[in-house]
Amino acid sequence: MIRGLPEAFLRGLEDFPEDALFEGNADEVAALGRDASGRRGEAFVGPVVAPRDAEGVAALLSLATRTGTRIVPVGGRTGLSGGAAAEPGEVVLSLHRMNRILSFDEVGRLLTVQPAVTTQAIQEAAKEHGYFYPVDFASRGSSQIGGNIATNAGGIKVLRYGLTRNWVAGLKVVTATGQLLDLNRGLVKNATGYDLRHLFIGSEGTLGVIVEATLQLTDPPRQQQVMVLGLESLDAIVEVFSSLRRGLMLSAFEFFSSIALRHVLAAGARKPFDSDPPYYVLAEFDEDEAKAESLFEACVSQGLVCDGVLSQSGGQAAALWRLREGITESLAQYRPYKNDIAVRVGDVPAFLERINILFEREYPRFEVVWFGHIGDGNLHVSVLPPPGWSREAFEEECERVTHKLGELLAEFGGSISAEHGIGLLKRPYLHYTRSSAEVELMRQMKRVFDPAGILNPGKLFAS
Ligand SMILES: Cc1cc2nc3c(=O)[nH]c(=O)nc-3n(C[C@H](O)[C@H](O)[C@H](O)COP(=O)(O)OP(=O)(O)OC[C@H]3O[C@@H](n4cnc5c(N)ncnc54)[C@H](O)[C@@H]3O)c2cc1C
């Protein structure tokens, strides 16, 4: 259980409260060293330290820095790039015991929470107070706010509300040396130099551990309505987006292919309409039935849309959302190779044309599943392993193609990871998106906050 850990660290642990160590069976411990990326390294064997408060986190990190012990902070482990994956010789820092909602400030509309509160619990707490927390995605029931902040999570409402970063008004963070920082404290205005809060947002557990967050809430949106449209061509997507965006107050504009639909239907979702177009978009917007219908008809008469359905109840809207939100889960059994990429929204049509050519040429025998938050310029492309291929050969082939994809993204000034982070899986491709000068500055920042290099080593860049 303690293979590869420094003696001095193990001696130091003896001074920790008895219940600081998570005492699970081998499977439970191994699961805490794995995330949803599908990455299968050597099984993590423990130990798992699960502090009850910020002081416990600080004590662990300061001991780890003194003894050179590698620490992997984990939240809900729904991450898709191996950021929360641990190996033998590392220690998992699980925040799961720090899962309380601490306070609500009515005047400022601020909710202060511990790091393991789930995204869904935050949404529900906001609702109970009459407000709205707009960051939302399919893993909401398991993902935790600490992990959301550490990855600057996006999701389905970025189009209207932006990423997690926009909603973090204050952050308490413990750095690798055990220093507790109380950043911004819920202030709206604070022009006093570098905003360190933003450095920790998206830092993937490599600079410090988030032990508390103060979140800005907002007014709930008006009643929402959902429309799913069928399209004959990829080109039509952006034209439909522009047309709907001009006429409706959109909260989401999502895209999926007929292949994605086939998988989600096999997992139990209901077909939206009888026809079988190759592409689909899902739009969510402030209810406006008459306007939605007239825009739909205009899109049909221009030949952009060939079929469609408009929700008439909350239940129907949820059933339509399932078509998009169920895709990741419906593919999980195949352990797909995932790409989560982004270009400027205006570049989407030209980029789609190029990536389509690239993938048709490079993946002639693989099933490629397209979906994503197309209104943000964010595409998810999942590649399924063909029958008869070994896992190693499949991944090797996908990695070869990802370098070509990286070159294409560099040409467009796009991103190799739109919202899932770099973690371990996307590390070889970071240089397609960030210059060597940027990466070197990131390394230097890492050394400032984590001089012994103990926090999530090897994630984001090689340690
Ligand atoms: C079905 C499904 C759908 C998804 N959809 C989306 C989507 O639409 N948009 C999106 O952005 N993501 C999506 N994801 C990915 C994932 O849910 C998010 O990245 C989420 O924010 C991860 O949160 P987590 O608590 O599970 O973090 P984890 O996976 O546990 O960790 C993620 C990273 O954060 C670090 N970390 C965790 N907690 C802390 C902490 N307290 N302090 C410092 N570092 C910490 C970890 O070390 C790791 O690097 C999806 C995942 C699934 C399975």
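**Salt bridges, a hairpin and a charged patch**

In this predicted model, a network of salt bridges links R361, E362, E397 and R400.

Student: Which helix holds both R400 and E397, members of that network?

Tutor: R400 and E397 form a salt bridge, with 2.8 Å between the closest N and O atoms. The two residues are three positions apart, about one turn of the helix. The helix that holds both, residues 391–412, is α14.

Student: Is R400 buried, partly exposed or exposed?

Tutor: The relative accessible area of R400 is 35%. Buried requires a value under 20% and exposed a value over 50%. R400 lies in between and is therefore classed as partly exposed.

Student: How many residues apart are E284 and K157?

Tutor: The structure holds 20 salt bridges. In one of them the side chains of E284 and K157 meet at 2.8 Å, N to O. This pair links distant parts of the chain, with E284 in strand β11 and K157 in the loop between α5 (145–151) and α6 (158–161). Both E284 and K157 are buried, and their separation along the chain is 127 residues.

Student: Which strand contributes E254, the partner of R324?

Tutor: R324 and E254 form a salt bridge whose closest N and O atoms are 2.7 Å apart. R324 belongs to helix α11 (residues 314–325), and 70 residues separate the pair. Both R324 and E254 are buried. The strand that contributes E254, residues 250–257, is β10.

Student: Which residue in the turn between β4 and β5 has a positive phi?

Tutor: Strands β4 (residues 101–105) and β5 (residues 110–113) pair in the antiparallel sense over four bridges. Within this pairing, S103 of β4 stands opposite T112 of β5. The two strands form a hairpin with four residues between them. In the turn, the residue with a positive phi, about 55°, is R109.

Student: Which residue of the patch formed by E287, D288, E289, E293 and E297 lies in the loop between β11 and α10?

Tutor: E287, D288, E289, E293 and E297 gather on the surface in a patch of negative charge. The loop in question runs between β11 (279–286) and α10 (289–301). A patch residue found in this loop is D288.

Student: Why can D288 count towards a surface patch, and what is its relative accessible area?

Tutor: Patch residues need over 30% relative accessible area and no salt bridge. D288 is partly exposed and passes the area cut-off, because its relative accessible area is 32%.

Technical notes: Residues numbered from 1 in each chain as written. Predicted model: local features only at pLDDT ≥ 70, side-chain atom pairs only at ≥ 80, totals over all residues. Heavy atoms only, no water. Patch = residues over 30% accessible without salt bridge, like charges linked within 9 Å, V, L, I, M, F, W, Y side chains within 5 Å. Areas by Shrake-Rupley, 256 points an atom, 1.4 Å probe, with all protein chains shown as cover. Salt bridge = Lys/Arg side-chain N within 4 Å of Asp/Glu carboxyl O. Lys, Arg positive; Asp, Glu negative; His and termini not counted. Charge placed at Lys NZ, Arg CZ, Asp CG, Glu CD. Buried < 20%, exposed > 50% of the residue type's maximum accessible area, 1.4 Å probe, protein only. Pairing = 2+ DSSP bridges.
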